Amino acid sequence: MADAAGTTGHEQQAQAGRDRARRGEAQRVLVAADKFKGSLTAVQVAERVTAGLHRVAPGTVVEALPVADGGDGTVAAAVAGGFERREVRVTGPLGNEVTAAYALKDGTAVVEMAEASGLQLLPDGVFAPLTSTTYGSGELIRAALDAGARTIVFGVGGSATTDGGAGMLAALGARFLDADGEPVGPGGGPLKDLAAADLSGLDPRLKDVEIVLASDVDNPLTGPKGAPAVYGPQKGADPQDVAALDTALAHFATVLEKSIGPKAAEYAQSPGAGAAGGIGYGALVGLGAGFRPGIEVMLDVLGFAPALQRATLVITGEGSLDEQTLHGKAPAGVAAAARAAGVEVIAVCGRLALAPEVLGKAGIRRAYALTDVEPDVARCIAEAGPILETVAEGIARDFLT
């Protein structure tokens, strides 16, 4: 494990816990962790941590608030936070029909593009970097509009697509035509043949709805840090595909500029435009979305601030605590908010790749990794739940008794 504060600080925290126990005050722990990808959902992480804490410190009050940063797992986190789960049939990334879910509560919808257009919907070993489509994501947004949503939190990440959001916009009424006046094919590759773009047919309800683009990345649409170059290889794109997609998306922005004016070019360079294969661009340029870091949005939506006020200790985490964590991932957002409120933060993870001083700067007092208990990574993945309970027992002994 890594401790960012050293022995003296740890002893002070432990003494504070003993003092509260002597006064008969219950410790209140807020578990606000993301999923351990491939092993545990955010809900399961909270359940396992709670079980481990209670075995050692049964009097501890534990409040679970599973969190997400806008990527896959965002709808599940919203449902765990009291939203209603709604399922619809939409077009998957390969054009086949899939079941996708969004979450709804008091006029706010949480729409996760990965539910309709995510990598997890592809068969094992099957990729379609040039032709996978976000059409189903547009259908999900339309379903949220049909349900009466006045605010749509659009979480983007984990996509199988690199089409700049063209498919999403088409599902909502936009038209993208080739030189013969025919609709261009699905995916980012066919956008090279785009001759005209018409956004006038977009669903008129979009003008009366606040759409928040929730993402943990700030990449532009194209270029060395753009969607194809940075994320294309994760979706099966080889160097030739990356070059083709980058050219096609640049052309897409150029054609849109002729249709709607210079803001199309400006949005292409905006932070978040390159999110989820460029669907961020489609949301900015076509839906009038405003960009916000995904974890900030989700903490607001889930009611993190009042939960934090009730807590004496926060436990956050995700599968791998590494450099990416520091750039908008859930644990960093949770730690920043908790630090601002003066509440100590502990992290749990499968794998730890951050030094104690780096953790400290991020507001994380100490990190506990599954590999501290079981060095075999394969076993950590296969037996993540029981091992996490053991880790939580250690946290309880160190901080709650």
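This is a short tour from strand β6 to helix α5 in a predicted model.

**Stop 1: strand β6.** Select residues 108-112, which make up β6. The strand is mostly covered, with 5 of its 5 residues buried. Now look at its two faces. Thr108, Val110 and Glu112 lie on one side, and Ala109 and Val111 on the other. Both faces are covered.

**Stop 2: the β5 side.** Add residues 97-105, strand β5. β5 and β6 run antiparallel and are joined by 4 bridges. For one pairing, pick Tyr102: its bridge partner in β6 is Val111. Then follow the chain through the turn. The two strands form a hairpin with 2 residues between them. Stop at Asp106 in that turn, where phi is positive, about 50 degrees.

**Stop 3: the β7 side.** Select residues 151-155, strand β7. Here the pairing with β6 is parallel, over 5 bridges. Return to Val111 and find its bridge partner in β7, Phe154.

**Stop 4: helix α5.** Show residues 135-146, helix α5, and centre on Ile141. Is Ile141 buried or exposed? Its relative accessible area is 0%, so Ile141 counts as buried.

**Stop 5: around Ile141.** Which residues touch Ile141, leaving aside neighbours within four places in sequence? Its contacts are Val111, Ile152, Phe154, Met168, Leu172, Leu206 and Leu287. Val111 and Phe154, the bridge partners from Stop 3, are both among the contacts of Ile141.

**Stop 6: Leu206.** Finish with a distance from Ile141 to Leu206. C-alpha to C-alpha, the two are 9.5 Å apart. In sequence, 65 residues separate them.

Conventions
Residues numbered from 1 in each chain as written. Predicted model: local features only at pLDDT ≥ 70, side-chain atom pairs only at ≥ 80, totals over all residues. Heavy atoms only, no water. Buried < 20%, exposed > 50% of the residue type's maximum accessible area, 1.4 Å probe, protein only. Pairing = 2+ DSSP bridges. Contact = heavy atoms within 4.5 Å.
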